[in-house]
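Please open the structure in your viewer and keep a selection tool at hand. The tour below goes from one selection to the next and says what is found at each stop.

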Amino acid sequence: MKLLAKKIYFKTFGYRFERNFLELFFNLITPNYFKTILAILYWKKLDFKLSEEEANSHKSKAEKIFKNITINNNNISRILEFGGSYGINLEPFLEKFTDIEVISIDTNNSVKRLEKKYENYEGIIGSDNILRDIPNLKYDIAFCCSVLDHIPDEKKVISIIQQLTRIAKKVYLFEPFLEGVCGDVSYFYRIQIEEKYKLKYKIEDNYKKFSKNSYLWNYDLYLENLNLPFKKNSFKLHKSSLGPFYKCYEIN
C-alpha cells in the first residue's frame, strides 16, 4: 500500500510540479523592481467587469469588512481605504453613514467611479506616495484589503503600514498570513511551500496552487517591531490562491 501511495503521489504532484516549473523559473529570475513595475501596470490597467457571481462575492466581502470595522467603532467621521479600486468595499459605509468623509486611493482610474453617486466620496488616483503628504491622525479609520499581498517589495509593505498607522487612529489590514512563510509564493503549489519552508504543519488543500503576484508577508513581526498593538482574527475571502489564509489585523 505504501508503494502504491508513493506512485500515486509522484504521478499527480510530480506532473503538477513539471507543469509549473517554467512559471517558477521565470518568476525567480525576474528582479523585484521589475515585478513591481509589472504589478503596477497590471492593476492600473485592470478593467473591473465582474460577472454577477463575482459581484455578489465582492459585495459579501465588503459587508464583512464593514461589520469588522464598525463593531468596535461607533463614531467614524473620516475613513480611508488604500487600494480601493472601484470602491465596492466602501459602499456599505457610504450607504449607511451619509455624513462621513470617505476617501479611496488607487492607481486605477476606477477609483473615481463612486464620485458621481456619493457627494461625500473622493477617489484619488495615485500610489503610496500620496500617503506621505497626509497629516498625522487625519482619519479615524484607514484600511486595505488584498493590497499588500500583491506588492513584491517587503520594504514598501512595511512603509505603507507605517504611513497608514501614522495618518489614522485605527488601522485594519485584511491580508493573508501563513506562519513560517514570508516572500513570493507566486505559481507554487501549497505542498511545495510546505517543503520549501519546512513547515511543521500541513497547509489547507495543499494540492492547490498560488496565483501570480501572490506574496505572503510577516505582518506579526512587522507590527511587533513597530511597537504597534494589534489583534488578529481569521478573515477567509475564498478557497483559491491566498483566499483561505486572510486575517483581519486590527491595529490601535
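Does Lys 202 count as buried or exposed? Select Lys 202 and show its surface: at 66% relative accessibility, Lys 202 counts as exposed. Please keep in mind throughout that this is a predicted model.

**Salt bridges**

Stay with Lys 202 and add Glu 194 to the selection, since the two form a salt bridge in which the closest N and O atoms are 3.7 Å apart. Glu 194, for its part, is buried, with a relative accessible area of 5%. Next, select Glu 91, Arg 113 and Lys 117 together, which are joined into one network by salt bridges that share partners. By the rule applied here, the count comes to 15 salt bridges.

Another of these is found by selecting Glu 63 and Lys 96, whose side chains meet in a salt bridge at 3.4 Å, taken from N to O. Because Glu 63 lies in helix 4 and Lys 96 in helix 5, the pair ties together parts that are 33 residues apart in sequence. Glu 63 is partly exposed, with a relative accessible area of 29%, and Lys 96 also counts as partly exposed, at 45% relative accessibility.

Then move to Asp 128, which forms a salt bridge with Arg 132, the closest N and O atoms being 4.0 Å apart. Asp 128 counts as buried at 9% relative accessibility, whereas Arg 132 is partly exposed, with a relative accessible area of 47%.

**Aromatic rings**

For the next stop, show the side chains of the aromatic residues, among which the count comes to 13 aromatic pairs by the rule used. Begin with Phe 21 and Phe 25, whose ring centres are 6.3 Å apart and whose planes lie at 15°; planes under 30 degrees apart count as stacked, so this pair is stacked. Both residues lie in helix 2 (residues 21-29), where they are four residues apart, about one turn of the helix. Phe 21 counts as exposed at 51% relative accessibility, while Phe 25, at 39%, counts as partly exposed.

Now turn to Phe 66 and Phe 93, whose rings have their centres 4.9 Å apart and their planes at 70°, so that this pair is edge-to-face. The pair links distant parts of the chain, with Phe 66 in helix 4 (residues 52-70) and Phe 93 in helix 5 (residues 91-96), 27 residues apart. Phe 66 is buried, with a relative accessible area of 9%, and Phe 93 counts as buried too, at 0% relative accessibility.

Extend the selection to Phe 97, Phe 143, Tyr 172, Phe 174 and Phe 235, which together with Phe 66 and Phe 93 form one aromatic cluster. While Phe 235 is in view, add Lys 64, whose charged end sits over the ring of Phe 235, 4.5 Å from its centre. Elsewhere, Arg 190 lies over the face of Phe 210, at 5.9 Å from the ring centre.

**Strand 9 and its partners**

Switch to a cartoon view and select strand 9 (residues 246-251), where five of the six residues are buried, so that the strand is largely enclosed by the rest of the structure. Strand 5 (residues 168-176) runs antiparallel to strand 9 and is joined to it by six bridges; Tyr 172 has Glu 250 in strand 9 as its bridge partner. Strand 8 (residues 230-234) is likewise antiparallel to strand 9, with five bridges joining the two, and the bridge partner of Lys 232 in strand 9 is Tyr 249.

**Strand 1 and its partners**

For the last stop, select strand 1 (residues 78-82), which is largely enclosed by the rest of the structure because four of its five residues are buried. Five bridges join strand 1 to strand 2 (residues 101-106), and these two strands run parallel. Within this pairing, Phe 82 stands opposite Ile 105 in strand 2. Follow the chain from strand 1 through helix 5 to strand 2, and you trace a β-α-β crossover that is right-handed. Finally, add strand 4 (residues 139-145), which runs parallel to strand 1 and is joined to it by three bridges; here Ile 79 has Ile 141 in strand 4 as its bridge partner.

Definitions and conventions
Residues numbered from 1 in each chain as written. Predicted model: local features only at pLDDT ≥ 70, side-chain atom pairs only at ≥ 80, totals over all residues. Heavy atoms only, no water. Phe/Tyr/Trp six-rings, centres within 6.5 Å; stacked < 30°, edge-to-face > 60°. Buried < 20%, exposed > 50% of the residue type's maximum accessible area, 1.4 Å probe, protein only. Lys NZ or Arg CZ within 6 Å of the ring centre and 35° of its normal. Pairing = 2+ DSSP bridges. Right-handed = clockwise from strand over helix to strand, strands pointing away.
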